[in-house]
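Reader: I should like to go through this structure in order, from its sheet to its pocket and then to individual residues. Please reason briefly before each result.

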Amino acid sequence: MLAQRIAAALNAGIIDVGFYWLTGLMKDGTIVVANNYGLGYIPEGVNLPENIRLATADESISATVRGTWATYPILALHGWAQHHDTDLRAVIATEDQFKGFDPGAARLVLHPDDIPDDGTMAGRHRLQVIAPDAATKLAAVGSTGLSELLPPPPTDANPPEDRRSNLWFEVFRPLLSNVPDRAEVQLANFVTYADHAQELALYRAHTAVDPADQRAAIADWIYWQHLSVLMSDAISSEATV
C-alpha cells in the first residue's frame with residue numbers, strides 16, 4: 001500500500017527530538033500527513049510526493065483552525081477530513097506513536113523492520129509544499145538574477161550568531177507538557193525560531209558564491225518567512241476568538 005510506504009519513509013532518519021509523523025488514509029483514497037511540530041514544518045531534506053497532502057499546509061483551511069491542531073497531528077488529520085467532506089479511514093504510525101490517543105479510525109502499525117534505512121523520496125521541496133507559487137517564481141529566476149530577489153545586505157558583514165540549537169529546544173519543550181495552551185506556546189516559540197532561521201538563511205544567500213547554494217539559501221529564507229507568517233496568524237487569530 002502506498003500510504004504505508006510513505007509512512008515508513010517519513011519515519012526513517014528522524015533527528016528532531018520528540019518529532020513524529022502520522023499518515024492518514026482518507027475514505028476517498030487521499031493520503032494526508034501531519035506531524036507534531038508547528039504548522040507547515042517539514043524537516044530539511046524531506047520531500048513529499050506530488051499526491052501527498054500536508055494537512056497543516058492546506059491554505060484552503062484558515063490559520064485559525066489549523067492553529068488548534070498544533071502539537072496534535074491526529075486532530076490535523078481529522079480536521080482536514082472534515083474540511084474536505086471525507087472521512088479518515090486509517091491511520092499509520094508506529095506502536096509508540098499510537099500511545100496516548102485513540103485515532104478514531106483503523107490502526108495500521110509500522111514495525112521496526114518496515115522502516116527503511118534511507119527514507120529519501122522523490123517529490124517536492126518543502127517550499128513547494130507550503131508556498132508553491134513562490135517556489136515556481138524562484139525556479140523561473142536565472143542564476144544571474146537571484147541577488148535581485150534579496151534586500152540590501154546588512155552593513156555588518158559579520159555572520160549573525162547561530163542560536164538555532166537553543167531556540168529549537170524551546171520549540172520542542174511544550175511537547176513535554178499536556179497543559180491546554182501548549183499549542184499556542186509552541187507556535188510562539190516556533191515564530192521566534194523561524195525569524196532567526198530567516199536571518200541566517202538571508203546571510204547565506206548574500207554570501208553564497210555558487211548559484212546553486214544561493215538558490216537553496218533563498219528557498220530556505222522564503223520557507224521560514226512563510227512559516228513565521230502562518231504561525232503568527234494562527235496565534236493572532238486564537239487571541240481574538
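Author: The questions and answers below concern a predicted model.

Reader: In what order do the strands of the open sheet lie, and what is the average twist from one strand to the next?

Author: The open sheet has five strands with mixed pairing. Their order is 3-2-1-4-5. From one strand to the next, the twist averages 25°.

Reader: Which strands stand at the edges of that sheet, and why is one side of each left without a neighbour?

Author: An edge strand is recognised here by its single partner strand. Because each of the two has a single partner, one side of each is left without a neighbour in the sheet. The strands concerned are strand 3 (52-54) and strand 5 (106-110).

Reader: How many bridges join strand 1 to strand 2, and what is the bridge partner of Leu22 in strand 2?

Author: Strand 1 (residues 21-26) and strand 2 (residues 31-35) run antiparallel, and five bridges join them. Thr23 has Val33 as its bridge partner in strand 2. For Leu22, the bridge partner in strand 2 is Ala34.

Reader: Which residue takes a positive phi in the hairpin of strand 1 and strand 2?

Author: The hairpin has four residues between its strands. Among most residues other than glycine, phi is negative. In this hairpin, the residue with a positive phi, near 95°, is Gly29.

Reader: Do strand 2 and strand 3 run parallel or antiparallel, and what is the bridge partner of Val32 in strand 3?

Author: Three bridges join strand 2 to strand 3, and the two run parallel. In strand 3, the bridge partner of Val32 is Arg53.

Reader: How many residues of strand 2 are buried, and which of them lie on each side?

Author: In a regular strand, side chains alternate between the two faces of the sheet. Strand 2 is mostly covered, with five of its five residues buried. Both of its faces are covered: one side holds Ile31, Val33 and Asn35, and the other holds Val32 and Ala34.

Reader: What angle does the direction of helix 1 make with that of strand 1, and which residues of helix 1 are buried?

Author: Helix 1 (residues 2-10) packs on the sheet and touches strand 1, strand 2, strand 3, strand 4 (88-94) and strand 5, its direction making about 170° with that of strand 1. Its buried residues pack against these strands, from strand 1 to strand 5. The buried residues are Ala3, Ile6, Ala7, Ala8, Ala9 and Leu10.

Reader: At what angle to strand 1 does helix 3 run?

Author: Helix 3 (residues 73-83) lies across strand 1, strand 2, strand 3 and strand 4. The angle at which helix 3 runs to strand 1 is about 25°.

Reader: What is the volume of the largest pocket, and which lining residues are the closest to its centre?

Author: The largest pocket has a volume of about 720 Å³. Of its 35 lining residues, the closest to the centre are Ile15, Asp16, Tyr41, Pro43 and Glu44.

Reader: Which elements give two or more residues to the lining of the largest pocket, and how many of the lining residues are charged?

Author: Helix 1, helix 7 (164-172), helix 8 (182-207) and helix 9 (211-240) each give two or more residues to this lining. By class, the lining has 21 nonpolar and six polar residues, and the number of charged residues is eight.

Reader: Thr71 and Asp85 each have a positive phi although neither is a glycine; is each buried or exposed?

Author: Thr71, in the loop between helix 2 (63-67) and helix 3, has a phi of about 75°. Asp85, in the loop between helix 3 and strand 4, has a phi of about 55°. At 1% relative accessibility, under the 20% cut-off, Thr71 is buried. At 74%, over the 50% cut-off, Asp85 is exposed.

Reader: Is Ser228 buried or exposed, and which residues does Ser228 touch?

Author: Ser228 lies in helix 9. Its relative accessible area is 8%, so Ser228 is buried. Not counting residues up to four places away in sequence, Ser228 touches Val191, Ala194, Asp195 and Gln198.

Terms used
Residues numbered from 1 in each chain as written. Predicted model: local features only at pLDDT ≥ 70, side-chain atom pairs only at ≥ 80, totals over all residues. Heavy atoms only, no water. Pairing = 2+ DSSP bridges. Axes fitted to C-alpha atoms, helices over the stretch in contact; angles between N-to-C directions. Contact = heavy atoms within 4.5 Å. Buried < 20%, exposed > 50% of the residue type's maximum accessible area, 1.4 Å probe, protein only. 1 Å grid on protein atoms, 1.4 Å probe; cavity = no way out; pocket = protein on both sides within 12 Å on 5 of 7 lines; lining within 4 Å. Points joined across faces, edges and corners; volume = space filled by probe spheres on them. Nonpolar A, V, L, I, M, F, W, Y, C, P; charged D, E, K, R; others polar.
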